[in-house]
Amino acid sequence: MPTSGTVGCAMSGPPPEAGIYEVFIRFRREQPFQHAGSVRAADAELARRYAQDVFLRRDRYLEVWVVPRECIVKVERDPWLDGVKFRQTEYRRPSYFTPRLRARGFQKVPALSVGEE
Amino acid sequence: MVSAVEVRLPAPGDVEAFAAYVAAGGLVDAGDWMPEEYRAEAVRIVSFQALAEVIGTLLFAEWLPRIASVHRKRILTAKVQDETGHGHILMRVAEDLGLTREQIMEEYLAGRRKLLNAFHYGFDAYCELPIGALLQNSAAIVQFRSLVKGSYLPYVRALRKIMREESFHFYNALDWTHELMTAGTPRQKAEVEAGLVKWWPIIVAYFGPPDAASVHTQPAMRWRLKVNTNDEVRQAWFSFIVPVLQGLGLTPPDPKLRHDPELGRWEYTEPDWAEVRAVINGAGPRSAYWKELIRRAYERDGWVRHVRAAA
């Protein structure tokens with residue numbers, strides 16, 4: 001049941017922590033939003049102001065999202081993805097193929113500067 | 001990279017300020033105001049790639065039951081999953097720009113939407129897969145390296161994830177081709193070489209018509225949705241792929257291909273652009289076949305869309 005001051009997300013799950021707003025800030029356009037922290041406020045307008053006072057007074061920022069905590073849908077870690085799948089999909093990383101290629105005599109493996117996960 | 005903290009975001013409705021903003025390196029995000037021309041050009045680029053990602057899976061999915069080793073079958077399954085994921089990500093980007101995934105698929109089925117030239121073909125022999133994939137993946141990586149410098153952030157973010165996965169596809173294709181070229185039978189090597197002869201001109205054409213003939217380059221570059229012309233990206237691909245092929249003991253099947261050190265560019269045989277246009281318009285060897293597969297799947301699985309729409 002949305003209490004006064006929240007936007008009231010129609011979410012199932014644990015009881016809403018009414019009045020808590022998570023604060024996400026983006027400092028540069030090419031960067032993603034970063035989770036900065038949270039504020040407690042009676043309504044969205046106050047949450048906006050508190051976020052400004054608490055997190056934004058010193059930094060030059062570009063955009064801010066203030067999100068009622070109960071509106072955030074959490075995705076739990078999947079132990080299957082962590083364990084079995086990750087160990088068994090080593091071929092998803094370039095480090096898997098480079099030694100194979102070298103061992104077979106292919107020396108000039110192009111480096112793709114997209115980084116490893 | 002120019003930060004928007006320094007570059008002032010343009011006021012909604014001010015087309016000239018918007019054009020100056022993106023020209024100066026300004027980045028645009030979903031939900032920002034944008035001129036209609038910008039939106040139309042962004043959604044054209046994104047939806048073109050989205051459709052290609054989806055249809056591109058069919059070439060490989062067709063061979064999955066026939067892959068000779070469990071190891072390569074798992075890797076190729078992962079690749080097909082990745083490409084499907086890329087399609088989903090890009091269609092979501094297109095939806096934010098006002099084009100639904102149903103529109104993309106239905107326009108394709110109705111013949112009102114063009115498909116990337118490479119996916120009007122299929123693999124006609126087993127050992128054609130690795131070399132065909134090698135050319136496709138390398139072309140995609142070189143092209144995405146350029147596109148990721150564009151101005152539309154949701155597309156840039158999508159490309160960053162796609163590039164990570166394309167790099168794994170590329171290394172697999174390289175490793176697979178190398179395995180065949182070093183340990184394969186004469187027949188397998190001959191199939192790889194025939195595959196190179198077949199796919200080379202297709203991928204040279206993949207980058208689009210030469211700059212002088214391209215109708216899309218000018219608007220795409222004006223809005224900095226693209227930062228390089230078709231010819232520039234094609235040249236970058238030659239520089240990337242030729243040493244790789246040499247390392248595999250393969251020769252690019254173009255007698256004119258040579259790097260001119262004075263001009264600093266590759267000379268090559270122009271693809272038959274009339275033929276490429278005909279292929280893109282549906283005259284490719286598998287154009288009708290893939291479309292029919294999609295038509296059947298789209299009808300067969302339509303109930304999922306209807307249930308979702310009713311929920």
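**Charged contacts, a buried helix and the interface of chains A and B**

Glu102(B) counts as partly exposed in this predicted model, with a relative accessibility of 21%; here buried means under 20% relative accessible area, exposed over 50%, and partly exposed in between, with a 1.4 Å probe and protein chains only. The model being predicted, local features need pLDDT of at least 70 and side-chain atom pairs count only at pLDDT 80 or more, whereas totals for chains, interfaces and linings use all residues. Residues are numbered from 1 along each chain as its sequence is written, chains are lettered from A and ligands numbered from 1 in the order in which they are written, and side-chain values use heavy atoms, with hydrogens and water left out.

Glu102(B) takes part in a salt bridge with Arg308(B), in which the closest N and O atoms are 3.3 Å apart; a salt bridge is taken as a side-chain nitrogen of Lys or Arg within 4 Å of a carboxyl oxygen of Asp or Glu. This pair links distant parts of the chain, since Arg308(B) belongs to helix H12 (residues 302-310) of chain B and Glu102(B) to helix H4 (residues 101-109) of chain B, with their positions 206 residues apart. Helices (H or I, at least four residues) and strands (E, at least two) are DSSP runs, numbered from the N terminus. Unlike Glu102(B), which is partly exposed, Arg308(B) counts as exposed, at 52% relative accessibility.

A second salt bridge, between Asp96(B) and Arg92(B), has its closest N and O atoms 3.2 Å apart. Both residues lie in helix H3 (residues 70-96) of chain B, where they are four residues apart, about one turn of the helix. An α-helix has 3.6 residues a turn, so residues three or four places apart point the same way. Asp96(B) is partly exposed, with a relative accessible area of 48%, and Arg92(B) is likewise partly exposed, at 38%.

Over all chains, the salt bridges found by this rule number 34. Among them, Glu267(B) and Arg258(B) are joined at 2.9 Å, N to O; Glu267(B) is partly exposed at 27% relative accessibility, as is Arg258(B) at 42%. Elsewhere, salt bridges that share partners join Arg26(A), Arg29(A), Glu63(A), Asp29(B), Asp32(B) and Arg157(B) into one network.

Helix H12 of chain B also contains Trp303(B), which counts as exposed at 57% relative accessibility. Together with Val304(B) and Val307(B), Trp303(B) forms a nonpolar patch on the surface, with about 320 Å² of accessible area. Patches are made of residues with over 30% relative accessible area and no salt bridge, like charges being joined within 9 Å and nonpolar side chains (Val, Leu, Ile, Met, Phe, Trp, Tyr) within 5 Å; accessible areas come from the Shrake-Rupley method with a 1.4 Å probe, and for residues only the protein chains shown count as cover.

Helix H9 (residues 230-247) of chain B has many buried members, including Asn230(B), Asp231(B), Trp237(B), Phe238(B) and Leu245(B). The buried residues of H9(B) pack against several elements of chain B, among them helix H5 (128-147), helix H6 (153-183), helix H7 (186-206) and strand S2 (265-267); contact means heavy atoms within 4.5 Å. At 1.5 Å a residue, the 18 residues of H9 should span 26 Å, and the end C-alpha atoms are 26 Å apart, which agrees; the expected span is 1.5 Å times one less than the number of residues. H9(B) is followed by Gly249(B), with a positive phi near 75 degrees. In the loop between H8 and H9 of chain B lies Arg224(B), a residue other than glycine with a positive phi, near 55 degrees, and buried at 16% relative accessibility. Most residues other than glycine have a negative phi.

Chain A has three helices and three strands, which run β-β-α-β-α-α from the N terminus on, and buried residues make up 32% of its 117 residues. At the interface, 27 residues of chain A are in contact with 40 residues of chain B. The two chains bury about 3000 Å² between them, 59% of it on carbon and sulfur atoms, where buried area is the accessible area (1.4 Å probe) that two parts lose on being put together, summed over both. On the side of chain A, Arg29(A), Arg92(A) and Leu112(A) lose the most area to chain B, together 24% of what that side buries. The rule finds five salt bridges across this interface. Arg100(A) forms a salt bridge with Asp175(B), with the closest N and O atoms 2.9 Å apart.
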